[in-house]
Amino acid sequence: MADSKPLFSPDGDPMAAEALLRDVFGIVMDEVIRKGTSASEKVCEWKEPEELKRLLDLELRSEGEAAERILARCREVIHYSVKTCHPHFFNQLFSGLDPHALAGRIVTESLNTSQYTYEIAPVFVLMEEEVLKKLRSLVGWSSGDGVFCPGGSISNMYAVNLARYQRYPDCKQRGLRALPPLALFASKECHYSIKKGAAFLGLGTDSVRVVKTDERGKMIPEDLERQISLAEAEGIVPFLVSATSGTTVLGAFDPLEAIADVCQRHGLWLHVDAAWGGSVLLSQTHRHLLDGIQRADSVAWNPHKLLTAGLQCSALLLRDTSNLLRRCHGSQASYLFQQDKFYDVALDTGDKVVQCGRRVDCLKLWLMWKAQGGQGLERRVDQAFALAWYLVEELKKREGFELIMENLSMCVSGSCPPACGGSRKARITVKGWLRWPRCSRSAW
């Protein structure tokens, strides 16, 4: 093998492969980064599905194509795709482009490793733990555990599974027959992944008890208490409450201290879905919105949203120090997680997760943090609040727009933008149509 030609590309021509990649990087720089972030360009060249199929020629054939055609196809893919880094992209809770995070994503994809053992990903195993440690410290924990997951929905599902396993560890081996009827609690504004997770884990969507919210979309602790009592009266065992810090539609932050009090009285696991709002912990001005989060048992946090770390970057953080993740999810596959390795096998984190292969999601956040520092990221969060407040004030002045809801919560000083976690708090009616405004995070 040492004497064989390098198989850097299928045709064995490393120079051609290098030239192709240089050309592709040039196309990405021109079409995505330069044009894709220019307000004078379109967010998307929209086509209806059937027309788009014809334009792209999606069929896969027996014969390959020349490099020139492959480069043309790269341009076509970019041309007809949505530019989420565009200043006018407002459709999802992620947007913008951080160059340092993008650099981390490029390095990650190029190295193409899996985050399951130290021997295959030594740098990233150590890096992931350092990043998770930093995130836990912002929550308020000096110790704990965690893992990067493929999205906030999976983080939420993991939290439900961990809470169930902690109370009924036999369920790992015996399954649902080891369990009594269970109930978990979330507000009517919670993310839909809570019900999907309950269904996936075999609990069923009926196990999710919906708690009422106030006019701002925040969970009402008194109704949570009532729902728990009702479940117990029905012979159902409550085991978890999922609070939300930054709900999808209204951007509400549930009152975590009061909810934690309820959980403490009833001995329930408290999970906080802070996928959107978790990054507010970086802001000294606005972090009071998450007061009480340190009392949670688990937290889901997506830096790919408010911090623009790039998809995907989703952390599940745990206060637990008993190796609960590994006990709940581990299977001790001897061919991968040998116990007689020449390093500390606790560094083999793959048995903490349901996946086997797991992509590296820590580098983009680590590199961005190294470049921006905590202070730079704090300014980024504060700017999002400022833009939200600016948008609301401008809408009040503009004829034809009706502000249906305004979040009146203010920061401690009373002079900062409303505690809304983004400008998606105000529904406005434009000539009979509903619009959902959101600040242009790519302006950062």
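Which residue follows α8, and what is the sign of its phi? The model is predicted, and in it α8 is followed by Gly202, with a positive phi near 85°.

The helix that precedes this glycine spans residues 193–200. Its buried residues are Ser193, Ile194, Gly197 and Ala198. They lie on the same side of α8, because the arc they cover around the axis is only 140°. The other side of α8 carries Lys196 and Phe200, both of them exposed. Here exposed stands for a relative accessible area over 50%, and buried for one under 20%.

The buried side of α8 is covered by elements from several parts of the chain. Among them is one helix, α6 (152–167). The cover also includes the strands β2 (182–187), β3 (208–211) and β4 (237–244).

The second topic is the largest pocket. Its volume is about 690 Å³, and 28 residues line it. Nearest the centre of this pocket lie Val28, Val32, Thr84, Leu102 and Arg105.

Which helix gives the largest share of the lining of the largest pocket? That helix is α4, with six residues. At least two residues of the lining are supplied by each of α1 (14–34), α3 (67–79) and α4 (99–111). By residue class, the lining of the largest pocket consists of 15 nonpolar, eight polar and five charged residues.

How values were computed:
Residues are numbered from 1 along each chain as its sequence is written. This is a predicted model: local features need pLDDT of at least 70, side-chain atom pairs count only at pLDDT 80 or more; totals for chains, interfaces and linings use all residues. Side-chain values use heavy atoms; hydrogens and water are left out. Buried means under 20% relative accessible area, exposed over 50%, partly exposed in between (1.4 Å probe, protein chains only). Helices (H or I, at least four residues) and strands (E, at least two) are DSSP runs, numbered from the N terminus. The arc is that of the directions from the helix axis to the C-beta atoms. Contact means heavy atoms within 4.5 Å. On a 1 Å grid over the protein atoms alone, a cavity is a set of points where a 1.4 Å probe fits but cannot get out, and a pocket is an open set with protein on both sides within 12 Å along at least five of seven lines; lining residues have an atom within 4 Å of a point. Grid points are joined across faces, edges and corners, and a volume is the space filled by probe spheres set on the points. Ala, Val, Leu, Ile, Met, Phe, Trp, Tyr, Cys and Pro count as nonpolar, Asp, Glu, Lys and Arg as charged, and the others, Gly among them, as polar.
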